Amino acid sequence: MPQAKLKVVLIAHTPQPEKVVATAAKLCYSPANIDDLREKIAASDQKKFVEKLASLGHLSPIEHISFTFAVEGISRVCTHQLVRHRIASYSQQSQRYVSEHSQKHGGLFDFIIPPSIEAADKKEWFIDKMRQIQKWYDELVETLGDKGEETFQDARFILPNAAETKIILTMNARELLHFIRVRTCLRAQWEIRELAEEMLRGLLKVAPTVFGTSGPPCLSGPCPEGAMTCGKMEEVRHKFRQMHAGA
Ligand SMILES: Cc1cc2nc3c(=O)[nH]c(=O)nc-3n(C[C@H](O)[C@H](O)[C@H](O)COP(=O)(O)OP(=O)(O)OC[C@H]3O[C@@H](n4cnc5c(N)ncnc54)[C@H](O)[C@@H]3O)c2cc1C
């Protein structure tokens with residue numbers, strides 16, 4: 001089935017992330033030297049220091065820890081929004097070097113079907129349109145002559161935003177808190193919201209204190225959306241509190 005499903009894997013991160021943050025924080029407020037700091041920073045201190053930073057809004061120490069995610073089953077609609085976040089590094093599967101004539105599904109490329117299209121009972125209709133686009137793509141490749149990237153770079157102009165892609169991204173914790181804040185809000189687009197939520201689930205496993213209150217703005221205060229509010233703050237708060245509690 002060419003319909004792709006979101007997969008988000010936290011493939012790497014700074015070792016002992018919360019110890020690194022706590023050490024950087026303690027350094028700011030302590031006369032001790034670095035060896036003493038590293039030895040003395042007990043696990044109990046780590047939580048205390050990380051929480052203190054958050055309460056003070058002193059966020060530069062959390063820039064020292066980075067997290068790398070591998071993501072697949074995501075549309076180009078979503079990655080276009082993702083890469084607008086500038087304090088990050090990205091490597092994305094190329095439509096220049098990789099042909100969109102998939103060997104897997106009788107030639108049909110992978111794509112994402114929005115839930116609203118499935119809910120409207122238009123899934124088969126949508127897949128039909130993707131098949132048509134595949135035909136046009138294949139025709140273009142044939143017309144231009146299969147010369148690898150020289151051909152694919154132009155044939156891809158006929159492809160839809162729904163085309164599935166794969167991306168590896170690295171962000172530091174400060175940028176992640178910002179990314180999660182703006183992209184888990186119910187006002188964000190559903191696909192990038194799912195991505196941000198999955199990323200948060202992974203982060204809570206390895207840095208539970210740093211990301212312990214991470215979520216949309218309404219989790220820590222009033223909704224900033226004004227007239228455009230979703231009006232579902234209680235539901236959203238409940239969902240993220242459950243997630244933080246590991247439920
Ligand atoms: C619900 C929603 C709807 C959106 N709709 C649109 C839309 O219709 N059209 C559109 O074009 N975009 C849209 N965007 C994208 C949005 O405008 C931003 O480009 C995107 O969210 C990246 O976030 P950012 O700019 O806050 O920060 P990032 O790039 O993630 O950077 C993090 C922070 O660093 C600081 N920073 C980074 N770069 C600079 C800089 N050059 N100068 C000063 N400070 C900097 C800022 O404080 C910034 O918030 C939307 C985003 C959301 C969440």
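Where does Gly226 lie? Select Gly226 in this predicted model: the residue is in the loop that runs between helix H9 (190-206) and helix H10 (233-244). Its relative accessible area is 47%, and because the partly exposed class covers values between 20% and 50%, Gly226 counts as partly exposed.

Keep Gly226 selected and add Pro17. The two residues are 209 residues apart along the chain, and 36 Å separates their C-alpha atoms.

Next, go to the ligand. Select Arg84, His85, Arg86 and Ile87, then Glu175, His178, Val182, Arg183 and Arg187; these are the residues around the ligand. By type, this shell holds five charged residues, two polar and two nonpolar.

Three side chains in the shell are worth a distance label:

- His178: an N or O atom of its side chain is 2.7 Å from an oxygen atom of the ligand.
- His85: a polar atom of its side chain lies 2.8 Å from an oxygen atom of the ligand.
- Arg183: an N or O atom of its side chain is 3.2 Å from an oxygen atom of the ligand.

Now turn on the surface of the ligand. Taken alone, the ligand exposes 940 Å², and the protein buries 44% of that area.

The last stop is on the protein surface. Select Val9, Ile11 and Ile168, which make a nonpolar surface patch of about 220 Å². Within this patch, pick Ile11, which is placed in strand S1 (residues 7-13). Is Ile11 buried or partly exposed? Ile11 is partly exposed, as its relative accessible area is 47%.

Definitions and conventions
Residues numbered from 1 in each chain as written. Predicted model: local features only at pLDDT ≥ 70, side-chain atom pairs only at ≥ 80, totals over all residues. Heavy atoms only, no water. Patch = residues over 30% accessible without salt bridge, like charges linked within 9 Å, V, L, I, M, F, W, Y side chains within 5 Å. Areas by Shrake-Rupley, 256 points an atom, 1.4 Å probe, with all protein chains shown as cover. Salt bridge = Lys/Arg side-chain N within 4 Å of Asp/Glu carboxyl O. Helix = DSSP H or I, 4+ residues; strand = E, 2+ residues; numbered from the N terminus. Buried < 20%, exposed > 50% of the residue type's maximum accessible area, 1.4 Å probe, protein only. Near = heavy atom within 4 Å. Polar contact = N/O pair within 3.5 Å; in protein donor to acceptor, adjacent residues only side chain to side chain. Nonpolar A, V, L, I, M, F, W, Y, C, P; charged D, E, K, R; others polar.
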